Amino acid sequence: MINLTATEIAAQVRDGRLTATAVVDAHLDRIAAVNPKVNAVTVVLDDQARSAAAALDARIAAGSDPGPLAGVPITVKENIDLTWSATTSGLPFATGNVPPANATFVDRLLAAGAIPVGRGNMPDIGLRWDTDNDLYGRTVNPWDPDRVPGGSSGGDAVAVATGMAAAGLGNDYGGSLRLPAHAAGITALRPSAGRVPAPSRTVEPLPLSLQQMAVNGPLARSVDDLDLLFSVMHGADSYDPLSLSVPHPSGYDGPRRVAVTVDPAGWGVDPAVAGAVRAAASALAAAGWEVEEVSPPAVDRCAVLWRQLSSTENAPMLINPGVFPGPLSAGTVQYFRDNIADVTLLDTSAAYQGAWAERFVHAAAWREFHSRYPVVLGPVTTQEMPQIGYDLSGPAATTELWRAHRLLVTANFLGLPAVAVPTGLSGRRPLGVQVIARQHADHIALAAARDIEAAFPPVTPIPAG
C-alpha cells in the first residue's frame with residue numbers, strides 16, 4: 001500500500017477495495033520501520049490516525065461520502081496548526097503549544113478524508129535550507145546521508161519519498177517546498193500567494209515579506225496528487241485577510257509556449273542540472289509545447305531583493321536575545337549571522353521602500369513575459385545538494401547557496417506558482433526541474449509539470465538505507 005499514490009489510495013478506499021484502517025496501519029508500520037533511519041517524522045500520531053481511519057470506514061459502511069481524499073495518510077509540518085499535537089516550529093521551548101484549532105486548510109483536508117499519521121521535521125522557525133533543530137535533531141537525506149535533505153519542509157519530503165505518507169503539508173518562503181521535494185525525488189506545489197490560507201488561525205503581526213512571499217502547499221509523489229490536494233486546500237479563509245478564492249480549472253487548453261532558462265541570470269550551472277532542464281524541455285516539446293531557450297526578466301535583481309528584504313526583516317528576530325522565550329539552535333543563529341554578513345541590509349526607510357517599489361516593476365515585467373510564455377522552465381537549484389554543514393562554513397557559503405537557489409526565490413519574491421518535478425536519477429542523485437506560471441495560474445504550472453512527469457519513470461517510494 002505504501003507504493004500507491006494519494007489519488008490511488010483515495011479511489012480504492014472509496015470503492016471498497018481498501019479500508020482506511022488497512023491503509024493507515026500499513027503507513028504506521030512503514031514509519032516504525034523507516035523513521036529511525038531518517039528521522040523525518042517527529043511525532044507519530046498513531047492513536048489519532050487509527051481512530052480517524054475507523055470512523056471513516058464506519059461512514060463508508062453507512063453509505064456516506066468519505067470525501068475525495070478518503071483514507072490518504074499525510075504528514076503535517078511542525079509549523080502548521082493541527083490540534084493533535086503541539087505546533088513547535090522545531091523549537092524546544094514550544095512543546096506545549098497545542099493549538100486551539102486546526103489551520104483552515106488542514107480542516108478542509110480532514111473533511112475530505114485525509115488522515116494525518118505524523119508531524120514533519122523542520123529547521124527551527126523554518127529559515128534554513130536544511131532540516132535540523134535542537135528539539136528533534138537532523139532529518140537524513142535517504143539518497144545520500146552525507147548531504148542535506150533540503151529545507152525547510154525536509155521532514156515531510158523525506159516521509160513522502162520513503163513511503164511513510166502519501167502526501168505532506170509544508171510551506172515555502174524561499175523554496176522550502178520545492179527544494180526538499182527536489183532533494184527527495186518527489187513533487188511539490190508552491191501555490192500563488194494567497195491561494196492557500198495561513199498555517200494558523202491565530203492572528204499575529206507578520207513581516208511584510210512573510211505576508212507577500214510565504215505560502216502553504218502540498219508535497220506528493222505525483223502531480224495528479226498535488227492537483228487533488230490543492231483543489232481541496234485552496235480558497236479564502238475568514239481568519240486570513242490575505243487569502244482569496246480563485247477558480248481552479250481541472251486542466252489547461254491555452255497557449256502552450258515555454259521559456260527555458262538553463263542558467264538563470266548566467267551565474268553558472270552544474271552540467272547534470274543543465275541536462276535535466278534540457279531533458280524536461282524535450283519532454284514538453286514531445287508533448288506538444290512550443291519550447292524556446294529565452295531568459296525571463298531580471299532574475300538577478302529579483303533574487304537580490306528577496307535576500308535583502310527577507311534578511312532585513314528577519315535579522316532582528318534571529319540575532320537579538322530575548323525575542324523568543326528560549327534560544328534558537330546554534331546552527332540557525334550561525335547560519336543567519338553568516339548570511340547577513342554578506343547582505344546589504346535595507347536599514348533606511350528610503351532603501352526599504354525602494355525595494356518594495358522595485359518589486360512592482362519586476363512583477364509587471366514577469367506578467368508581460370508570461371503573456372508570451374505561459375510557462376518558465378528552469379532548475380530548482382543550479383547545484384547538487386550540499387554536504388551537511390556547508391551552509392555553516394561562513395558567509396561565502398550562504399551566498400553561494402542563495403545564488404544556486406536564485407530561481408526558487410524569484411518565484412517567492414513575485415508570489416508566483418511553481419511546481420518541482422523529478423526527471424530521474426544520476427547515480428543516487430535525484431534530478432529535477434521547476435515550472436513557474438503567472439500569478440493564479442497554478443493549473444498551468446501543474447499541466448506542464450504533468451507532461452514532464454509523464455516522460456520519466458518515478459523514483460519513489462524508496463527504501464531507506
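These exercises work through helix packing, cores and burial in a predicted model.

**Exercise 1. Classify the packing of α2 and α3**

Task: Decide whether helix α2 and helix α3 are roughly parallel or roughly antiparallel to each other.

Solution:
- Start with the angle. Helix α2 (residues 20–38) and helix α3 (residues 46–61) pack at about 160 degrees. Their axes are 8 Å apart.
- Apply the cut-off. Angles over 145 degrees count as roughly antiparallel.
- Conclude. α2 and α3 are therefore roughly antiparallel.
- Add the handedness. The crossing of α2 past α3 is right-handed.
- List the contact. From α2 come Ala20, Thr21, Val24, Asp25 and Leu28. They meet Asp46, Ala49, Arg50, Ala53, Ala54, Leu56 and Asp57 of α3.
- Sort these residues. Seven are nonpolar, one is polar and four are charged.

**Exercise 2. Classify the packing of α12 and α14**

Task: Find how helix α12 is oriented relative to helix α14.

Solution:
- Take the geometry. Helix α12 (residues 349–372) and helix α14 (residues 406–414) cross at roughly 105 degrees. Their axes come within 10 Å.
- Apply the cut-off. Angles from 65 to 115 degrees count as roughly perpendicular.
- Conclude. The crossing angle makes α12 roughly perpendicular to α14.
- Name the partners. Arg359, His362, Ala363 and Trp366 in α12 meet Thr410, Phe413 and Leu414 in α14.
- Sort them. The contact has four nonpolar residues, two polar and one charged.

**Exercise 3. Explore the cores**

Task: Find the size of the largest nonpolar core and its residues with the most contacts.

Solution:
- Give the size. The largest nonpolar core has 80 residues.
- Name the residues with the most contacts inside it. They are Leu69, Phe105, Leu109, Leu169, Leu377, Val435 and Ile452.
- Look at one of them. Leu377 touches residues beyond four places away in sequence, including Val258, Val277, Leu284, Val435 and Ile452.
- Turn to the second, separate core. It has 44 residues, among them Trp129, Cys302, Leu328 and Trp366.

**Exercise 4. Judge burial**

Task: Say how enclosed helix α5 is, and place Pro199 as buried, partly exposed or exposed.

Solution:
- Count in α5 (residues 154–161). Eight of its eight residues are buried, so the helix is largely enclosed by the rest of the structure.
- Look just past the helix. Gly163 follows α5 and has a positive phi, near 80 degrees.
- Locate Pro199. This residue lies in the loop between β5 (187–190) and α7 (208–213).
- Check its accessibility. Pro199 has 26% relative accessibility, so it counts as partly exposed.
- Find its contacts. Beyond four places in sequence, Pro199 touches Asn79, Ile80, Asp81, Ala103, Phe105 and Asn216.

Key: Residues are numbered from 1 along each chain as its sequence is written. This is a predicted model: local features need pLDDT of at least 70, side-chain atom pairs count only at pLDDT 80 or more; totals for chains, interfaces and linings use all residues. Side-chain values use heavy atoms; hydrogens and water are left out. Axes are lines fitted to C-alpha atoms, for helices over the stretch in contact, and angles run from 0 to 180 degrees between N-to-C directions. Helices (H or I, at least four residues) and strands (E, at least two) are DSSP runs, numbered from the N terminus. Angles under 35 degrees count as roughly parallel, over 145 as roughly antiparallel, 65 to 115 as roughly perpendicular and the rest as oblique. A crossing is left-handed if the near helix is turned anticlockwise from the far one by less than a right angle, and right-handed if clockwise. Contact means heavy atoms within 4.5 Å. Ala, Val, Leu, Ile, Met, Phe, Trp, Tyr, Cys and Pro count as nonpolar, Asp, Glu, Lys and Arg as charged, and the others, Gly among them, as polar. A nonpolar core is a set of buried Ala, Val, Leu, Ile, Met, Phe, Trp, Tyr and Cys residues joined through side-chain atoms within 4.5 Å. Buried means under 20% relative accessible area, exposed over 50%, partly exposed in between (1.4 Å probe, protein chains only).
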